[in-house]
Amino acid sequence: MDKLRLGIVYGGRSGEHEVSKVSAANVLAALDRDRFEVVEIFIDPRGAWYVGGSRAWLRLDTEGKAVFCAGGGEVVCDVMFPVLHGPYGEDGTIQGLFEMVNVPYVGAGVLGSAMGMDKEVQKKVLRAAGLPVVDFVAFSDREWASDPAAVREAIVGGLGFPVFTKPARLGSSVGIRMVMHVGALDAAVADALQYDTKVVVERAVPAPLEIEVSVLGNDEPQASLPGEIRPAHEFYDYEAKYVDPDGAELLIPSSLDAPRAEEVRRLALRAYRVLGLEGMARVDFLAERDGPAYVSEVNTIPGFTQISMYPKLWEASGLPYRELLSRLVDLALERWRRRNALKTSYEGGRRLHRAAGGDS
């Protein structure tokens, strides 16, 4: 059987560029090389594309296939696997490119990716569907610049303290701060606005259990057993995730009792379906010790580093890393085949064009 040519896309124009490189290295090491011929596609921080170390650009051939031109040669990829975190990789933009050139790709589609990336939109959609989310306030850089007092009042009056300030469309805890009082708010907002033009401020859940569930599938998604993160830092920040080897303790399975574990798995699947996700996602929760569990956020391209919970949870649930990657490619092909069975032209439109005197 011929190998599938799998394009691993990583790097990107994002504050999570370095994390993407680490995730990609782990994916490349774990892929089944008996099944896949791998093409590494690197996007530098400026947005330039490289294949095999040479600058590359994308075009369509006469059969409509996506072709990468680089170093005087051409490479056709059968499936694309974006291992990109943050803007221009996880937000629907590159997914839209793949849709335009009609190439199968791993992970959520355009709309699901966009909602998964934008924490404000995501939370509003989840809340409208009846899922529990923590109280929050969102505002743009222009709103902050024109009337910061009104924004502060909305935060103080609506949320109180402590709160977390976050760039609305980023991940890996980049630009996130825990704010204990109003005097520290301006600096935290300024930090978040370095990475995005919109900020989300969330009420802090007191001493929460930080729970994560991995979800896999298209129309019939499955949820892993829940895992738990116990950060050694004030919260699970970038340093705790990627820099400090003792920054957090990962518990797999989590400390939740059986009924609560089943409840967060159910909520994870509901969130996945409500956002119209496909392929994969990691759903994060903040659970009160003796109270409800809130959906914190959904990550449509979760980390694949050595310490990342998404593959670890699936391994603990009986699906090894290598098989997980193969399954993700299968899901991409399954979705692509279904969509390509749909019509993309309308005969009635041609008849109307001819009746109006147009060329047939």
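## A strand pairing, a helix and the whole fold

Glu228 stands opposite Leu251 in strand S15. The same kind of detail turns up on the other side: Ile211 has Glu228 of S14 as its bridge partner. Before going further, some ground rules. This is a predicted model, in which local features need pLDDT of at least 70 and side-chain atom pairs count only at pLDDT 80 or more, while totals for chains, interfaces and linings use all residues. Residues are numbered from 1 along each chain as its sequence is written, and side-chain values use heavy atoms, with hydrogens and water left out.

Here are the two pairings that involve S14; strands count as paired if DSSP finds at least two bridges between them.

| Strand pair | Sense | Bridges |
|---|---|---|
| S12 (residues 209-217) and S14 (residues 227-231) | antiparallel | 3 bridges |
| S14 and S15 (residues 248-251) | antiparallel | 4 bridges |

Zooming out, the protein has 12 helices and 17 strands, taken as DSSP runs (helices H or I, at least four residues; strands E, at least two) and numbered from the N terminus. Its radius of gyration is 22 Å, close to the 21 Å that the globule rule gives for 360 residues, so the protein is as compact as a globular protein of that length. That radius is taken over C-alpha atoms, and the rule is 2.2 Å times the number of residues to the power 0.38. The C-alpha trace spans about 65 × 50 × 40 Å along its principal axes.

Of the 360 residues, 51% are buried, meaning under 20% relative accessible area (exposed is over 50%, partly exposed in between; 1.4 Å probe, protein chains only). Contacts are heavy atoms within 4.5 Å; among those between residues at least 6 apart in sequence, 65% join residues at least 24 apart.

Now for helix H2 (residues 93-100). Its buried residues are Ile94, Gln95, Gly96 and Phe98. They pack against strands S1 (4-11), S2 (36-43), S3 (49-51) and S7 (79-83), plus helix H3 (110-117). After H2 comes Asn102, with a positive phi near 60 degrees.

Ile94 sits in H2 and is buried, at a relative accessible area of 4%. Leaving out residues up to four places away in sequence, Ile94 touches Val9, Ile43, Trp49, Leu84, Tyr88 and Gly89. Val121 is 27 residues from Ile94 in sequence and 19 Å away in space, C-alpha to C-alpha.
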